[in-house]
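Q: Could you take me through one part of this protein up close? I am new to structures, so please explain the terms along the way.

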Amino acid sequence: MNKSTRKLKVVSGMEIVKEKFPTLYEFAVSEEVMEAFREISDNPKLKYGIQPNLFPCHINFQQEPNNHHGWHLDDAGYKLVIQTTWKPGPNETGGNVGLIRNYVAEEHKYLPVQERLDKLNPEIKTYSLEEDKENRYSEIVTGHRISKDNIKVLNLIENESYFMEGRRSSHCVFPLTDNTKRVTVCYSFDDVHDGSNYLSSADQLYQQNFNDKL
């Protein structure tokens with residue numbers, strides 16, 4: 001299980017998205033879009049993800065202090081995240097994205113999520129507690145004390161996006177510090193098509209659909 005905390009609202013599920021947000025659905029199933037991401041990822045086997053709670057996309061809402069999404073890995077091989085809304089409050093210092101590329105080594109990317117969390121890529125620099133007791137050079141990420149040199153922080157504005165290898169990249173959204181409105185649309189793509197790589201993390205994250213916004 002992802003050792004992650006989260007506080008946000010989510011809209012997911014094909015019927016809801018297809019009915020309420022038809023453009024988002026059409027983007028998800030577009031073969032032209034798929035061809036573009038096959039080229040970007042250099043992965044000709046890429047298709048949209050089949051996990052019900054992730055297809056055709058899910059929409060994350062964060063809009064009050066301490067809304068966040070802790071460090072985690074995805075079940076899906078690739079993830080496109082589009083920040084469609086960013087209305088920061090006057091004292092906002094959070095809401096940015098933390099990203100650790102290659103957190104999981106290439107040869108381990110098809111392992112179950114807990115095994116991937118435990119098998120930290122040896123190329124990722126870490127510190128012991130004795131080496132960095134005050135967390136000056138490191139941050140605790142899913143049980144590992146990771147060097148801050150390995151952590152990329154994305155300060156996205158409205159309508160910016162990022163594309164990552166979800167199974168290999170540990171990522172998070174840092175807590176909001178003000179009454180900021182942040183909305184992201186997240187698309188999952190994969191090169192595993194039998195559902196075998198989807199365990200329980202997506203259900204844990206998105207088991208509830210929030211319809212009060214619709």
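A: Happy to! Let's start with the whole chain: for its 214 residues, a compact globule would have a radius of gyration near 17 Å, and the protein chain agrees with that because its own value is 17 Å. That radius is taken over C-alpha atoms, and the globule rule is 2.2 Å times the number of residues to the power 0.38. Keep in mind that this is a predicted model, where local features need pLDDT of at least 70, side-chain atom pairs count only at pLDDT 80 or more, and totals for chains, interfaces and linings use all residues. Residues are numbered from 1 along each chain as its sequence is written, and side-chain values use heavy atoms, leaving out hydrogens and water.

The protein chain has 5 helices and 13 strands; these are DSSP runs numbered from the N terminus, with helices being H or I of at least four residues and strands E of at least two. Of its 214 residues, 51% count as buried. Buried means under 20% relative accessible area, exposed means over 50%, and partly exposed is in between, with a 1.4 Å probe and protein chains only.

Now for the close look, at helix α3, which spans residues 31-41. Its buried residues are Val33, Met34, Phe37, Arg38 and Ser41. Viewed down the axis of α3, these buried residues fall within an arc of 140°, so they line one face of the helix. The arc is that of the directions from the helix axis to the C-beta atoms. There is a general pattern to help you here: an α-helix has 3.6 residues a turn, so residues three or four places apart point the same way.

What about the face of α3 turned away from its buried side? That face carries the exposed residues Glu32 and Glu39.

And what covers the buried residues of α3? The cover includes α2 (22-29) and the strands β3 (47-48), β6 (78-87), β11 (160-165) and β13 (181-190). Contact here means heavy atoms within 4.5 Å. Contacts can also be viewed across the whole chain: among those with a separation of 6 or more, 82% are accounted for by residues 24 or more positions apart.

One of the covering strands, β3, leads us to a last detail. Pro56 is found in the loop between β3 and β4 (58-62). A cis peptide bond joins Phe55 to Pro56, with omega at about 0°.
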